[in-house]
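User: Hi! I have a protein open in the viewer and I'm new to this. Could you walk me through it?

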Amino acid sequence: MELEKMSPDVDGLREDELPKLPLKQYQQTYAETKAMRELEMLGANDPENQFHTIAEAPHQAYGPRDNLFLPNLLPTLLETAGNNKLFIFGMGINRICFTHVDNYCHGLC
């Protein structure tokens, strides 16, 4: 999909329109530490010495020993969707991915 044809996603903005990291202020420490990790990884990128890095953060990864997503979030999400009370961001055409950790690792190889 061409970038110009993509719909807004976060706060009415496309990814290329979002503020660049680091932000001046974060609403949660978790978001701040994620941004710090991303900047550290990208800062370590050194193509001249054949050392390439990426900063990858899937929206929701789950796995066999998951004690958050599977027992708590998934049933709640399914119930909320079934009751037509699932909150829709933007125009409702956003994609949300749930990725099993095995698939995530395979994709990074």
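**A first look around**

Analyst: Happy to! Let's begin with P64, which sits in the loop between β1 (60–62) and α2 (69–82). Keep in mind that this is a predicted model.

User: Is P64 buried or exposed?
Analyst: P64 is exposed, with 65% relative accessible area.

User: And which residues does P64 touch?
Analyst: Setting aside residues up to four places away in sequence, P64 touches H100 and V101. H100 is 36 residues away from P64 along the chain, and their C-alpha atoms are separated by 8.7 Å.

User: Okay, zooming out. How many helices and strands does the protein have?
Analyst: There are 3 helices and 2 strands. Going along the sequence, they follow the pattern α-β-α-β-α.

User: What share of the residues counts as buried?
Analyst: Of the 109 residues, 7% count as buried. The accessible surface of the protein is about 9,700 Å², and 55% of that belongs to carbon and sulfur atoms.

User: What about contacts across the sequence?
Analyst: Take the contacts with a separation of 6 or more: residues 24 or more positions apart account for 40% of them.

User: New topic! How many disulfides are there?
Analyst: The structure holds 0 disulfides. C105 is in no disulfide, and its nearest cysteine sulfur, that of C109, is 7.1 Å away. C109 is in no disulfide either, with the sulfur of C105 as its nearest, at 7.1 Å.

User: Why does that distance rule out a disulfide between C105 and C109?
Analyst: A disulfide needs two cysteine sulfur atoms within 2.5 Å. The sulfurs of C105 and C109 are 7.1 Å apart, so the pair does not qualify.

User: Are those cysteines buried or exposed?
Analyst: C105 counts as partly exposed, at 41% relative accessibility. C109 counts as exposed, at 85%.

User: Can you show me a buried residue too?
Analyst: Sure, try T53, in the loop between α1 (29–43) and β1. T53 has 14% relative accessibility, so T53 counts as buried, the cut-off being under 20%.

User: What is T53 in contact with?
Analyst: Leaving out neighbours within four places in sequence, T53 is in contact with M41, L42, A44 and N45. With M41 there is a polar detail as well: a polar atom of the T53 side chain lies 2.6 Å from the backbone oxygen of M41.

User: Anything curious about the backbone in that loop?
Analyst: Yes, have a look at Q50, which is also found in the loop between α1 and β1. Its phi is near 60 degrees, a positive value in a residue other than glycine. Q50 counts as exposed, at 65% relative accessibility.

User: Cool. Where is P22, and what kind of peptide bond joins L21 to it?
Analyst: P22 is in the segment before α1. The bond joining L21 and P22 is a cis peptide bond, with omega at about -5 degrees.

User: Which residues form the nonpolar patch on the surface?
Analyst: L21, L23 and L39 form that patch, and together they have about 200 Å² of accessible area.

User: Last one: where is L23, and how exposed is it?
Analyst: L23 lies in the segment before α1. L23 is partly exposed, with a relative accessible area of 33%.

User: Thanks, that really helps!

Terms used
Residues are numbered from 1 along each chain as its sequence is written. This is a predicted model: local features need pLDDT of at least 70, side-chain atom pairs count only at pLDDT 80 or more; totals for chains, interfaces and linings use all residues. Side-chain values use heavy atoms; hydrogens and water are left out. Helices (H or I, at least four residues) and strands (E, at least two) are DSSP runs, numbered from the N terminus. Buried means under 20% relative accessible area, exposed over 50%, partly exposed in between (1.4 Å probe, protein chains only). Contact means heavy atoms within 4.5 Å. A polar contact is a pair of N or O atoms within 3.5 Å; within protein, one must be able to donate a hydrogen and the other to accept it, and residues adjacent in sequence count only if both atoms are side-chain atoms. Patches are made of residues with over 30% relative accessible area and no salt bridge: like charges are joined within 9 Å, nonpolar side chains (Val, Leu, Ile, Met, Phe, Trp, Tyr) within 5 Å. Accessible areas come from the Shrake-Rupley method with a 1.4 Å probe; for residues, only the protein chains shown count as cover. A salt bridge is a side-chain nitrogen of Lys or Arg within 4 Å of a carboxyl oxygen of Asp or Glu.
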